[in-house]
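This report goes through one protein model and its ligand. Please look over the sequence and the structure before reading on.

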Amino acid sequence: MNLIQKIHKQDDAHGRHAHDEASHTPKAPFWVRYYDAIVGLVTLGRTRSMHQGTIRLANLRPGDALLDVGCGTGKLIFAAEKVIGGAGTAVGLDVEAGMIAQAKENAAKAHSPATFDVASITQIPYPDDSFDVATSSLVYHHLSPAEKSEGLREVWRVLRPNGRLLIVDLNPSRRGLAVRLPGHNQLAQEDYVSREVVEQMQAAGFTNITSGAHPFKQLSFAVGTKNA
Ligand SMILES: C[S@@+](CC[C@H](N)C(=O)[O-])C[C@H]1O[C@@H](n2cnc3c(N)ncnc32)[C@H](O)[C@@H]1O
C-alpha cells in the first residue's frame, strides 16, 4: 500500500484511533503529516492557487457560515477565512480522525478560530439550516453511491434556505492531476462532475445548478442552491 492509498484508507492502528497516550489528545498519525506536502507535489506547488479558485467559485461573503465537508487538513478553510472574516464561522468535517487531528494542529499554527469534527458526510452532526455555504473538495470520488446520495441529502439539510453547495473534484478528461495520483486511474475518463454530480444534486433537491471547468485545470465544479 503506497502513502496516498494509506491516506485514503481507515487505519485503526495509526488513523482514527491514534492517541497520545500521555495526554489522551488525538494525534495526527505519521502519514497525515505528509499529506499537505504530497498535495503540494501532485499540484506542482499550486495548492494555494487551487484553493483560491475554489473560494472564488464558492462566492463567499464576509460573515458567511461555512462548512467544508471532507476538509482533510483544513487548508481550504484557512484560505476561506480571509474572505468570511471575523464575523464568519468555519467548520471542517472529515471521516478520518487523523485528518481532523492534523487540521486542529494546522488551525492552532494559523491562529484560526475554525472548529473541526470527525464525522461522515452521511451523518453530519449539526442542526438543520446551520450554514450559508458548504464546500467539498476532492472528496466526491471517494464516496460510494449510497454515501453520495445520503451525503448530498445531509448537506441539503444543514444548509440554510438559499444556502449553496460547491463540489469540486477531478476531471479525468482534462488529464494531469488524476493521472498523477496513484490508485486514481480507475476513474472514468470523463467529466463525471458535470454529469453525475449535477444529476445527484438535482435528486437531492438542489436548484440553480451550474457546473463547469474549475480555474485549476484538471478539476471541475458543480454548485447548487437550497431553495426550501
Ligand atoms: C483527497 S482528500 C481532500 C481533502 C481536502 N478537501 C482537500 O481538498 O485537500 C479527501 C478527504 O475526504 C475525506 N472523506 C472520505 N470519505 C468521507 C466521508 N464519507 N465523509 C467525510 N469525509 C470523507 C477523507 O478522509 C479525506 O480527508
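How far does a polar side-chain atom of S137 lie from an oxygen atom of the ligand? The distance is 2.8 Å. The protein buries 92% of the 600 Å² that the ligand exposes when taken alone. The model is a predicted one, and the values here are computed from it.

**The ligand and its surroundings**

There are 18 residues around the ligand, of which G70, D94, E96, I121 and S137 come nearest. By type, the shell holds nine nonpolar, six polar and three charged residues. For three of the nearest residues, the table gives the distance between a polar protein atom and a ligand atom.

| Residue | Protein atom | Ligand atom | Distance |
|---|---|---|---|
| G70 | backbone N or O | nitrogen | 2.7 Å |
| I121 | polar backbone atom | nitrogen | 2.9 Å |
| S137 | polar side-chain atom | oxygen | 2.8 Å |

G70 and I121 thus appear with backbone atoms, while S137 appears with a side-chain atom.

**Helix 3 and H214**

Helix 3 runs over residues 47–58. Its 12 residues should span 16 Å at 1.5 Å a residue, and the C-alpha atoms at its ends are 17 Å apart, so the span agrees with the expected value. After the helix comes N59, which has a positive phi near 50°.

Which residues of helix 3 are buried? They are T47, M50, H51, G53, T54, I55 and A58. The cover over these buried residues includes two helices, helix 2 (35–42) and helix 4 (75–84). Strand 4 (131–137), strand 5 (159–170) and strand 7 (219–225) are also among the elements that cover them.

T54, one of the buried residues of helix 3, has a side chain joined to that of H214 by a polar contact of 2.8 Å. H214 is placed in the loop between strand 6 (207–213) and strand 7. Is H214 buried or exposed? It counts as buried, because its relative accessibility is 2% and the limit for buried is under 20%.

**Strand 7 and F221**

Strand 7 contains F221. With a relative accessibility of 10%, F221 also counts as buried. Beyond residues up to four places away in sequence, F221 touches L57, L166, I167, V168, V193, T210, S211, G212, A213 and H214. H214, which has the polar contact with T54, is thus also one of the residues that F221 touches. T210 is another residue in that list; 11 residues separate it from F221 along the chain, and their C-alpha atoms are 8.2 Å apart.

**Strand 1 and L67**

L67 belongs to strand 1 (residues 65–69). Its relative accessible area is 0%, and L67 is therefore buried. What does L67 contact, leaving aside its neighbours within four places in sequence? Its contacts are V91, L93, I124, Y126, F131, V133, A134, T135 and V158. Between L67 and S130, which lie 63 residues apart along the chain, the C-alpha separation is 8.9 Å.

**Helix 5**

Helix 5 takes in residues 97–110, 14 residues in number. From its first C-alpha to its last it reaches 20 Å, close to the 20 Å expected at 1.5 Å a residue. The buried residues of helix 5 are A97, G98, M99, I100, A101, Q102, A103, N106 and A107. H111 follows helix 5 and has a positive phi, near 55°.

Methods: Residues are numbered from 1 along each chain as its sequence is written. This is a predicted model: local features need pLDDT of at least 70, side-chain atom pairs count only at pLDDT 80 or more; totals for chains, interfaces and linings use all residues. Side-chain values use heavy atoms; hydrogens and water are left out. A residue is near a molecule or strand if one of its heavy atoms lies within 4 Å of it. A polar contact is a pair of N or O atoms within 3.5 Å; within protein, one must be able to donate a hydrogen and the other to accept it, and residues adjacent in sequence count only if both atoms are side-chain atoms. Accessible areas come from the Shrake-Rupley method with a 1.4 Å probe; for residues, only the protein chains shown count as cover. Ala, Val, Leu, Ile, Met, Phe, Trp, Tyr, Cys and Pro count as nonpolar, Asp, Glu, Lys and Arg as charged, and the others, Gly among them, as polar. Helices (H or I, at least four residues) and strands (E, at least two) are DSSP runs, numbered from the N terminus. The expected span of a helix is 1.5 Å times one less than its number of residues. Buried means under 20% relative accessible area, exposed over 50%, partly exposed in between (1.4 Å probe, protein chains only). Contact means heavy atoms within 4.5 Å.
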